[in-house]
Every structure is written in structure tokens, then in C-alpha cells.
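The following exercises are to be worked with the sequence and the coordinates at hand. Each task is followed by a solution in steps.

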Amino acid sequence: MHVLIIGGGTGGMCLAHGLKKAGVSVAVYERHRTRRDGLFGYRVGIDPTGSRSLHECLPSQLFDTFVATCAKDPQHLNVWTQSMHTTAGFRLPDAKDHVNAERSVSRSTLRQVLFSGMDDVVHYGREFTGYHQLPDGKVRADFADGGSATGDLLVAADGSRSRVRRQFLPHATVKDTGITALATKTPLTPEVRALIPDEALNGMSLIFGTKGMIGMLHSMQFKWDADGNPKDPADKALLDSWSGLQFDNTRDYLNLSVWSTHARFPPDVTQQRGQELISTVLDSTRNWHPHLRRIFELSDPGAAFPLKIATSEPVEPWKTTNITLLGDAIHTMTPGQGVGANTALRDAALLCRHLTAAARGRQPLLTAVAAYEAEMIPYGFQRVADSLGQNGTTAADPLYKPGIGRLALFGARSYFSVMSKVPALRTTFLDRMYAYRGDE
């Protein structure tokens, strides 16, 4: 059995590792031309579900490298006003164990971890254009360079704009939520460290601002310094043995993002880049605390980017064939619950189990794919529904409505305040959050 994976993102590469580890023939076709391309340095939260999937699919030493290259575990969840007034604060529990943990990782670093040891699997510079299902039961993928590849199964792991999905499930659509997000990345220099309290420096802070402007601040501190050398000699052997750091530009930073309805930003904001985009962020946060605005001012203009938040429309189960999908290619979700990447990893581990069984003759290939889809479709679209509207990630949220927006803002702040101040409620809040993010 030979598996073709279109797209070298988080889910696709996790699946590729799992199949290679199981001895199943696999090839990944990545549109970027080199490992250095596509280095997006923003945070992704890996929850226990995602961590277990990586542990299952990656070689043991590479999983250890993943853990070593994660940022310092967040110790606090803060809820602020735009004036940096703390309305709620939660002390986050320590990780249960090495695997069932909440972790923060730079997207570019995770990308380099997942590309490690896969030079014989990944084909760079291969832009997918379409597929053909062949009379002999195989499938052929075609590429913009005129080449093609043939396999027994084609897996769409090519993200929310999936070309595979558009051909295979043309009725499966992704809709605009009406929200624009602007993300910035600021090097964590001594000046920047002095701008925020310890709870923020060692955690993450959700900002419910007035006038329908919401933000999130993540602190990302790694085990290597500005020169790429291990901060702790105990980490030296593992980091020195990992080639991925030479392809990675990640250093300690703050990720400060804001989002609101499209109308709150200039019509051309999605075309803006660099200093123009930073100016737009500053214009949109004129009433925010000077320290937060200073973080924007000191951010790297080349790393700032705008994004329109999208979400998948649910689709009914389809007839199983030798084409299947995982991650954003089928269930794009808003960042409201922070589980998009983790759901893709869950897909990868689940599909890997079924394909491994098929490769070993324990079930036919299409039976394996059908079993995967029967489980993935319900939980995937449930996560889409759960994420929609959380923390203001859809324009339908009352936070953005004239008149009732102030009342909704008061309600959101009050909810978190009560949850953090009443011990029993605080425990229940954290238990539910971790149970959801660790759900299988």
C-alpha cells in the first residue's frame, strides 16, 4: 500500500511520521520549495489530545525533541481589560505527565520538528492541481510542474483552501465569520519584559477591550538563547543532535493579536503588510494601555499579518473512496477553543491506526478509510460548532452589537471574574477546560 499526502502541515506530517514508523509506504507533496519556506512563527497550543497523537506517531527521540523545543509551559491564564486591569486570574495546573500535557510551541519550530528525518518522504515544490481515480483502483495526483504520482490512497492535508476538497467535495464550503484578526510578534527583549507583569510573562492573557476589540497575549520563552545555544547545559545534547534548529528563526517573543468585525478595520487590511499593518493595529487600539501599544510599536513589521477568520459548513457523510481528508481540509474551525491543530493531530493518529491495520492485512483499505471517516466526521464538526462564537470569533457575537455590546462585555468580564474568585467555580472551570482539551 502506498499513501499520497497532499500538504506538509501539522496533520499531514504527523500522519506521514506514523505511517513511516509503521512501515507503510508514504509520500508527502509540499508546495513550498524548501524547509525554510513557510516559517510562520506564531504560537500553537498543543493540548493533551494533540500531544498523545504526536507521541503515538513520532519516533520516541523526535517526540522528546518536540517536548524540548516547546516554549515554557504557561502557568497563568489572565483576563484583562484594555487598560491591563485584571478581571480574572487562574493558576494553571502542572502537566500530569510527559505526554498528557498542555504545551505552547512556535508554528515554525513545530514545522521543523515534523520535517526532521523525512527527507526520503517529503517532495518539495510540488503544487497539487488535481487528481484522477484510475480504473485499477489507484489514484493519481497531478502537479503544476507537469509531474504526477500514483498511490492507493490520497489524503487531503492541504488546509482550509484545500484543492482536493474542492474537487472531491465541491459542496463542502468554508464561510467567512465576519471577523478579522491582526497578529504581531515582538522579540522578548529586556525592554519588552518590563512592560508586562510576571503573570503575563509566564502565561497567556485574554483581553476583553471596549468598542468590540478583543486581544490575546502569549509569552513564548524557549530553551535556547538569541544565538541558538541551549540556556541549560542539560538540554545541550538533545538540541545539538537536532538539525531542525538551523532551519528555524524562532527566539523568545510575545505574540499579541487583536480581532474584531471587518468593519472595525480598513477595507484593504488583508492586503496590508509591514509597518502599514502595525499602524492599523495602533489606530484600532488607541484606548489601550500604553504598555500594550508599546509592544505593538516594538513588534517585527515583517512578521505581522492579517487573517479573516473562517469556519467550515457541516457536511453529511460521503461515500468512501480512495480519497479522504484530515484537519482544516475538511473541518476548518475558528480559534475560539484553540483546538484546530489538535483536531488535525487527532485525525492523523486515528487514520494512521486504520491504515496500518489495512497495510497488515487486517482489513481492506476502503473499510479502514470508512472507519476513520465514521469517527472523524462527527467529532471534527462538533469541534467546529464548539469553536464558533467562542471569545468573539464570529460577528454574530453580542459583543459586537450596537447597544447590547456593552452589556455583553460586562457579562463576559463578570463571568470570568466570578469563576476565578469562587474556589469551587474556579476548580470546575479548569476541570472542564482541561477535560475538553484532553478529550478522546
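## Exercise 1. Salt bridges

In this predicted model, R193 and D252 form a salt bridge in which the closest N and O atoms are 3.6 Å apart.

Task: Determine which elements hold R193 and D252, and how many residues apart in sequence the joined parts are.

Solution. Step 1: R193 belongs to helix α6 (residues 190-193), while D252 sits in the loop between α8 (236-241) and β15 (253-261), so the pair ties together parts that are 59 residues apart in sequence.
Step 2: R193 has a relative accessible area of 30% and is therefore partly exposed.
Step 3: For D252 the relative accessibility is 14%, so D252 counts as buried.
Step 4: The distance of 3.6 Å for this pair satisfies the criterion of a side-chain nitrogen within 4 Å of a carboxyl oxygen.

Task: Carry out the analysis for R126 and D145, whose side chains meet in a salt bridge.

Solution. Step 1: The N to O distance is 2.9 Å.
Step 2: R126 is in the loop between β7 (122-123) and β8 (128-133), and D145 is in the loop between β9 (139-143) and β10 (148-151), so this pair ties together parts that are 19 residues apart in sequence.
Step 3: With a relative accessible area of 17%, R126 is buried, since buried means under 20%.

Task: State whether R286 is buried or exposed, and identify its salt-bridge partner.

Solution. Step 1: The partner of R286 is D283, with the closest N and O atoms 3.0 Å apart.
Step 2: R286 has a relative accessible area of 62% and is exposed.
Step 3: D283, at 46% relative accessibility, counts as partly exposed.

Task: How many salt bridges does the structure hold, and which residues are linked in a network of salt bridges?

Solution. Step 1: The total is 16 salt bridges.
Step 2: A network of salt bridges links E191, R294 and E297.

## Exercise 2. Helix α13

Task: Compare the reach of helix α13 with the expected span, and locate its kink.

Solution. Step 1: α13 runs over residues 365-387 and has 23 residues.
Step 2: From the first C-alpha to the last, α13 reaches 32 Å, close to the 33 Å expected at 1.5 Å a residue.
Step 3: A kink of about 30° is nevertheless found at M376, shortly before the proline P378.
Step 4: After α13 comes G389, which has a positive phi near 90°.

## Exercise 3. Cavities

Task: How many cavities of 30 Å³ or more does the structure hold, and which residues line the largest cavity?

Solution. Step 1: There are 3 cavities of 30 Å³ or more.
Step 2: The largest cavity has about 50 Å³ of space.
Step 3: Its lining is made of D47, T49, V339, N342, T343, R346, R383, Y436 and R437.
Step 4: Two elements, α12 (340-359) and α15 (423-437), give two or more residues to this lining, and α12 supplies the largest share, 3 residues.
Step 5: By class, the lining of the largest cavity has 2 nonpolar, 3 polar and 4 charged residues.

Task: Describe the second largest cavity by its space and its lining.

Solution. Step 1: The space in the second largest cavity is about 40 Å³.
Step 2: The lining consists of K72, D73, P74, L201, N202, G203, S219, M220 and Q221.
Step 3: These residues of the second largest cavity divide into 3 nonpolar, 4 polar and 2 charged.

## Exercise 4. The second largest pocket

Task: Which element gives the most residues to the lining of the second largest pocket?

Solution. Step 1: The second largest pocket contains about 390 Å³ of space and is lined by 19 residues.
Step 2: P93, D94, A95, K96 and Y434 are the lining residues nearest its centre.
Step 3: α2 (48-57) and α15 each supply at least two lining residues.
Step 4: α15 gives the most, with 4 residues.
Step 5: The lining of this pocket has 9 nonpolar, 3 polar and 7 charged residues.

## Exercise 5. V28

Task: State where V28 is found, and whether V28 is buried or exposed.

Solution. Step 1: V28 is in strand β2 (residues 25-29).
Step 2: The relative accessible area of V28 is 0%, so V28 is buried.
Step 3: A16 is 12 residues from V28 along the chain, and their C-alpha atoms are separated by 7.2 Å.

Note on methods. Residues numbered from 1 in each chain as written. Predicted model: local features only at pLDDT ≥ 70, side-chain atom pairs only at ≥ 80, totals over all residues. Heavy atoms only, no water. Expected span 1.5 Å × (residues − 1). Bend = angle between axes of the 7 residues up to and from the residue. 1 Å grid on protein atoms, 1.4 Å probe; cavity = no way out; pocket = protein on both sides within 12 Å on 5 of 7 lines; lining within 4 Å. Points joined across faces, edges and corners; volume = space filled by probe spheres on them. Nonpolar A, V, L, I, M, F, W, Y, C, P; charged D, E, K, R; others polar. Buried < 20%, exposed > 50% of the residue type's maximum accessible area, 1.4 Å probe, protein only.
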